[in-house]
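Trainee: I would like to learn how to read the pockets, cavities, helices and backbone features of a structure. Could we go through one together, with the general idea before each case?

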Amino acid sequence: MSSYLLSIITFLPLLFALVIGAIPSSMTSSLKWAALAGLLLQLLFTVVLCLQFELPAASTPYAEAFQFVEKVTWFELQMGDSRGFRVEYFMALDGISLPLIVLSSLMLVIGLISSWSVTQKLKGYLLLYMVLATSIVGCFLALDFFLFYLFFELMLLPMFFLIGIWGGERRSYAAVKFFVYTLVGSLLILMVMIGLYTAVQDDSGRLTFDILMMMNPDQFREGSWLTLSSHATLWGLDLRLLAFLALMIGFAIKLPSVPFHTWLPDAHVEAPTAISVVLASLLLKVGGYGMIRIAYGIFPDAAAYWAYPLAVVGVVSLIYGSLAAMAQNDFKRLVAYSSVAHMGFVLIGLASLTKEGMSGALFQMVSHGLTSGALFLIVGVVYDRTGNRRFENFSGLASKMPMYTFVVVIIFFASLGLPGLSGFVGEVMVLMGVFSSASSDGLLSVGIGVVATTGILLSAVYFLWALQRMFFGNYWVREREWEPHMKDLSRRELLALIPLVILVIFLGVWPRAVLDVADVSLQQLQMTFQNFR
C-alpha cells in the first residue's frame, strides 16, 4: 500500500466526491457524514504516512531525501529533433512537505466540522470542498511542475464558487477579486514553467517538467537562456533573475505579501467561516511552499541577488499588516490583516538564506496554519450567535462564556508569540536567521531584524486590545435579541477548537516534531546558496 500512499491521500476526497454526487440532495445528514468519512480516512492515511516516514541521514543529498516516490509517464511527445518532451505523474514526500500534509489533513477535517451548520445548496458545497481538498494536498506532493500547476490552478475554481455562492453580502466582489489576483499570479508562474521546460532535459535528452531536474544545473541544455552561464538579459536584467522574480510575485499573491495582499481581507470577511479556515490555514501556505520548493530550489543565485529587497517586502508586510489590524473594528478583518503580518515573517526567514531562518519560516507556516484556523473559528462562534463581529457591540464575554474565553486567550497568546506556545518558535528562529545573516556575510542588515522584532510588539498590541474590548470588563451585548444565544462553546465547536489548542501548546513545548523532520531537506537546500551569497 505504501507505494500508492500519496495518491490515496491526495485523491480520497475526490473519490468521496463521487459518492456525495450519488447521494440525493435531500439526504443532508448522509451527505455530511460521507464527506467527513472521506476526510477522516485521508487523515488516517496521513497518520500511517507519518509512522512510515524515515528521517534521512544528515549526509543525504536533497534529491535523495524524498520518500514514497510515485513516478510514471503521464504522456509524452516525440519531436522532429528526436528530443521530445515528457510529462510525468511524479509524487514524492520529504521533510518540508510532510508537516504541511499533516496540517492539511487535520485542518480539512476541522473545516468540515465547522461547516456542519451549512444548509443552503449543501451538496454543491461539499462537492466543491472535496475538490479543494484534493487540490491542496496535491500541491504539496507534486514534483512535476506541470502536475503542480494543475493542482495549483484546480484550487482556484472551488474557492471562487465557495466564496461567491456561500459568502456574505459582498461575496461576488470578493470572489472576483480573489479570482483575478490569483489568475494573474498563475500566469506568471505558467510563463516561467514553460521557459524552464524549454531549458531542462532529462538523462535521455527529453525536455522535462521534473522539478528536481530543474534544480540541477547539469540538466539545463547547453545554450539555454536559463542556464547559470547564459547571462541572457531582458531590460538589463539577467533572465534568471526575472524568472525568479516572476515566480516570487506569483507565489507572493497567494501568500500574500504587500502590495499583493488586498484580495485577502475581502475574501476572508465575505467567506463562510469554514472557508476562511481553509484559506488562512492552507491556501496561503501553498504560496510559501512554492517559494521554498520551486523559486528558491531552482534559482538559488537569484534568491541571493533579491534577498535584501525580499526581506524589505517581508518587513513592510509585517508592519503594515499589524498597523492595519490595529485599526480594525471588525473581528474577522483584524484576523485577516494579522495573517498578512505573520506571513511577512515567512518571507523574512526565507530571505535570510540561513538554516535558522528557513526552518523558522517553515515552522511559522505550520504554526500559523493552526492559530489562524483557530482564530477564524473563534470569530465564527460570535458571528453564528449574533450575526455581528464588531468589537463595539460586545464586552465582558469572559463572565458569560468562560470556556470560549479560555480558548481565545491560548490562541491569542500563541499568535502574538508567547514563549511556550507555537508562535514563539517560528518568529524567534526567523529573527535568529536574520541576525545570523547580518553578522556572517552582511546579506541582510541588523536593521531588518530590529524592525522585524517590533512586529512582535505590534501583534501583542492588537491582540491584547481585542481581548480587552470583547472579553474583559462588565458583561454587555448591544442587542437584546442576542442575549439568549450568548452561550458557551457547543460540543461541535469544542471538537474543532480543542485539537488546535493542544497542538499549539505541544509545538511550543516540543518544536522538534516539525524541525527534526525538515532538518535534512532544509540543510541540503540551504547549502545550494553558499556559492551565491
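Mentor: A pocket is found on a 1 Å grid over the protein atoms alone, as an open set of points with protein on both sides within 12 Å along at least five of seven lines, whereas a cavity is a set of points where a 1.4 Å probe fits but cannot get out; lining residues have an atom within 4 Å of a point. Grid points are joined across faces, edges and corners, and a volume is the space filled by probe spheres set on the points. In this case the largest pocket holds about 740 Å³ of space. Its lining has 35 residues, and those closest to the centre are A271, P272, T273, Y383 and D384. This is a predicted model, in which local features need pLDDT of at least 70 and side-chain atom pairs count only at pLDDT 80 or more, while totals for chains, interfaces and linings use all residues. Residues are numbered from 1 along each chain as its sequence is written, and side-chain values use heavy atoms, with hydrogens and water left out.

Trainee: Which element gives the most to the lining of the largest pocket?

Mentor: Elements here are DSSP runs numbered from the N terminus, helices being H or I with at least four residues and strands E with at least two. The helix α15 gives the most, with seven residues, and the elements that each supply at least two residues are α6 (156-166), α10 (263-270), α11 (273-298), α15 (355-386) and α20 (491-509). For the chemistry of a lining, Ala, Val, Leu, Ile, Met, Phe, Trp, Tyr, Cys and Pro count as nonpolar, Asp, Glu, Lys and Arg as charged, and the others, Gly among them, as polar. By these classes the lining of the largest pocket has 15 nonpolar, 11 polar and nine charged residues.

Trainee: How many cavities of 30 Å³ or more are there, by this rule?

Mentor: The count comes to one cavity of 30 Å³ or more, and the largest cavity holds about 40 Å³ of space. Its lining is made of H342, Q364, S367, H368, T371, A414, S415, G423 and E427, with α15, α17 and α18 each giving two or more residues. Here too α15 gives the most, with four residues, and the lining divides into one nonpolar, seven polar and one charged residue.

Trainee: Where does α20 bend, and what covers its buried residues?

Mentor: The expected span of a helix is 1.5 Å times one less than its number of residues, and the bend at a residue is the angle between axes fitted to the seven residues ending there and the seven starting there. The 19 residues of α20 should span 27 Å, and its end C-alpha atoms are 27 Å apart, which agrees. Even so, α20 bends by about 30° at L497, and a proline, P499, follows within four residues. Buried means under 20% relative accessible area, exposed over 50% and partly exposed in between (1.4 Å probe, protein chains only). The buried residues of α20 include E493, A496, L497 and L500, and what covers the buried residues of this helix includes α3 (97-114), α15, α17 (402-415), α18 (422-440) and α21 (512-527).

Trainee: What does the same reading give for α18?

Mentor: The helix α18 has 19 residues and reaches 28 Å from its first C-alpha to its last, close to the 27 Å expected. Its buried residues, among them G423 and E427, pack against α14 (331-351), α15, α17, α19 (446-471), α20 and α21. Just after α18, G442 takes a positive phi of about 70°.

Trainee: Which residues other than glycine have a positive phi, and are they buried or exposed?

Mentor: One is F68, with phi near 60°, placed in strand β1 (residues 67-77) and buried, with a relative accessible area of 13%. Another is L353, with phi near 55°, found in the loop between α14 and α15 and buried, with a relative accessible area of 0%.

Trainee: Where is the cis peptide bond that leads into P256 placed?

Mentor: Omega is the angle to read here. A cis peptide bond joins L255 and P256, with omega about -10°, and P256 is in the loop between α9 (239-254) and α10. The bond from V258 to P259 is also cis, with omega near 10°, and P259 is found in the loop between α9 and α10.

Trainee: What is T134 in contact with, leaving aside its neighbours within four places in sequence?

Mentor: Contact means heavy atoms within 4.5 Å. By that rule T134 is in contact with T10, F11, P13, L14 and F151; T134 lies in helix α4 (residues 122-141) and is buried, with a relative accessible area of 1%.
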